[in-house]
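Biologist: Hello! I am new to this structure and would like a close look at a single part of it. Please choose one that shows how the fold is put together, and walk me through it step by step.

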Amino acid sequence: MPDLSPLRVLSLDGGGMRGTYTATYLDRAASAFAKRRGIAALDIGAAFDLIVGTSTGGIIACALAAGLPLGEIEPLHQEGGDDFLPPFTD
């Protein structure tokens, strides 16, 4: 019989350079939870069974799945985002 237990899924949207907001929010949330638990750092990616995303959300999802600290993801957007993500225009 297949395992039908629920999966914990983190779904991250795209949005080009707006991914900076997602990475920053997740980094600050992880820092706040780590502080509450009295630990140095919290691996957000380890809390989920499946991490998915589109566009920049996919980049963040891959980084989380690889265990890359979120604090290292945001500078990627700031330093080289224009090279691999289209600018936000409305």
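**A close look at helix H2**

Modeller: Happy to. Going along the sequence, the protein chain follows the pattern β-α-β-α-α, which comes to three helices and two strands. Please keep in mind that this is a predicted model. The mean pLDDT of the protein chain is 83, with 83% of its residues at 70 or more. Confidence is highest in E1, where the mean is 94, and lowest in H3, where it is 68. Of the 90 residues in the chain, 31% count as buried. Among the contacts with a separation of 6 or more, 72% join residues 24 or more positions apart. The accessible surface comes to about 6,100 Å², and carbon and sulfur atoms hold 58% of that area.

The part I have chosen is helix H2, residues 56-65. Seven of its 10 residues are buried, so H2 is largely enclosed by the rest of the structure. If you would like to find them on the model, they are Thr56, Gly57, Gly58, Ile60, Ala61, Ala63 and Leu64.

Where do the nonpolar residues of this helix go? In soluble globular proteins, nonpolar side chains tend to be buried together. Here, the largest nonpolar core has 13 residues, and Leu12, Leu64 and Leu70 are those with the most contacts inside it. Four elements each supply at least two of the core residues: strand E1 (9-12), helix H1 (19-37), helix H2 and helix H3 (70-84). The largest share of the core comes from H2, which gives four residues.

Now let us zoom in on one residue of the helix. Ala61 sits in H2, and with a relative accessible area of just 5% it is well under the 20% cut-off, so it counts as buried. Setting aside its neighbours within four places in sequence, Ala61 is in contact with Leu12, Ile51, Val52 and Gly53. Ile51, Val52 and Gly53 fall within strand E2 (50-53), while Leu12 falls within strand E1 (9-12). Ala61 also shows how the chain folds back on itself: Asp13 is 48 residues away in sequence, yet the two C-alpha atoms are 9.8 Å apart in space.

Turn the view around and look from Leu12. Leaving out neighbours within four places in sequence, its contacts are Thr22, Leu26, Ile51, Val52, Gly53, Thr54, Gly57, Ile60, Ala61 and Leu64. Gly57, Ile60, Ala61 and Leu64 in that list are also among the buried residues of H2.

Next come the two ends of the helix. Before H2, Ser55 lies in the loop that follows strand E2. Ser55 has a positive phi of about 55°, although it is not a glycine. With 46% relative accessibility, Ser55 counts as partly exposed. Just after H2, Gly67 takes a positive phi too, of about 85°. Ala66 belongs to the loop between H2 and H3, and there the setting is open: its relative accessible area is 67%, so Ala66 counts as exposed. The C-alpha atoms of Ala66 and Gly45 are separated by 8.0 Å, although their positions lie 21 residues apart along the chain.

Past that loop the chain enters H3, which holds Glu72. Glu72 has 44% relative accessibility, so this residue counts as partly exposed. Glu72 and Asp27 are 45 residues apart in sequence and 9.4 Å apart from C-alpha to C-alpha.

One last stop is the largest pocket, where about 190 Å³ of space lies. It has 15 lining residues, and those closest to its centre are Ala41, Leu42, Asp43, Pro69 and Leu70. H1 and H3 each supply at least two residues of that lining, and the largest share, four residues, comes from H1. Leu70 thus links two of our topics, as it is also one of the residues with the most contacts inside the largest nonpolar core.

Key. Residues numbered from 1 in each chain as written. Predicted model: local features only at pLDDT ≥ 70, side-chain atom pairs only at ≥ 80, totals over all residues. Heavy atoms only, no water. Core = buried A, V, L, I, M, F, W, Y, C linked by side-chain atoms within 4.5 Å. Buried < 20%, exposed > 50% of the residue type's maximum accessible area, 1.4 Å probe, protein only. Contact = heavy atoms within 4.5 Å. Areas by Shrake-Rupley, 256 points an atom, 1.4 Å probe, with all protein chains shown as cover. pLDDT = per-residue confidence, 0-100. 1 Å grid on protein atoms, 1.4 Å probe; cavity = no way out; pocket = protein on both sides within 12 Å on 5 of 7 lines; lining within 4 Å. Points joined across faces, edges and corners; volume = space filled by probe spheres on them.
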